[in-house]
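Open the model in your viewer and set it to a cartoon view. This tour goes from one selection to the next.

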Amino acid sequence: MRIRMTVAMPEGATRNGEPWPARGEEADVPAADGAHLVAAEVAEEVVEEAPRHRGKAAAKEEVGGGADGGDP
């Protein structure tokens, strides 16, 4: 699970011998650990958005809305 820290851990605090990520930094952690951190409100889950499909309507808007492809 990918998480983003929402708080700064105390100076010198470690997780499995490694320093905690700074506030705002992301890290990959086991799902159970990530769920616990999110529930404790010290981190948030990073959810990557799927790429958006750009249909014909979006392409048409980029070219222009007029009949000839220019401005309306």
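Start by selecting Ile-3 and Glu-45. Ile-3 stands opposite Glu-45, a residue of strand S5. Keep in mind that this is a predicted model.

Now widen the selection to the two strands. Select residues 2-5 for strand S1, and add S5. Three bridges join S1 to S5, and the two run antiparallel.

Next, add strand S4. What is the order of the strands in this open sheet? The order is S4-S1-S5, three strands with antiparallel pairing. Look at the edges: S4 (26-28) and S5 (43-45) stand there. Each has a single partner strand, so one side of each is left without a neighbour in the sheet. Strands pair through backbone hydrogen bonds, so display those bonds if your viewer can.

Turn the view to follow the twist. Neighbouring strands of the sheet are turned by 35° against each other on average, direction ignored.

Select residues 31-39 for helix H1. H1 packs on the sheet and touches S1 and S5. The direction of H1 makes about 120° with that of S5.

Last stop: Val-46. Find Val-46 in the loop between S5 and helix H2 (56-63). Is Val-46 buried or exposed? Val-46 counts as buried because its relative accessibility is 15%, and the cut-off for buried is under 20%.

Show what surrounds Val-46. Leaving aside neighbours within four places in sequence, Val-46 is in contact with Arg-2, Ile-3, Arg-4 and Glu-26. Finish by selecting Met-1 as well. Met-1 and Val-46 are 45 residues apart along the chain, and their C-alpha atoms are separated by 8.0 Å.

How values were computed:
Residues numbered from 1 in each chain as written. Predicted model: local features only at pLDDT ≥ 70, side-chain atom pairs only at ≥ 80, totals over all residues. Heavy atoms only, no water. Pairing = 2+ DSSP bridges. Helix = DSSP H or I, 4+ residues; strand = E, 2+ residues; numbered from the N terminus. Axes fitted to C-alpha atoms, helices over the stretch in contact; angles between N-to-C directions. Contact = heavy atoms within 4.5 Å. Buried < 20%, exposed > 50% of the residue type's maximum accessible area, 1.4 Å probe, protein only.
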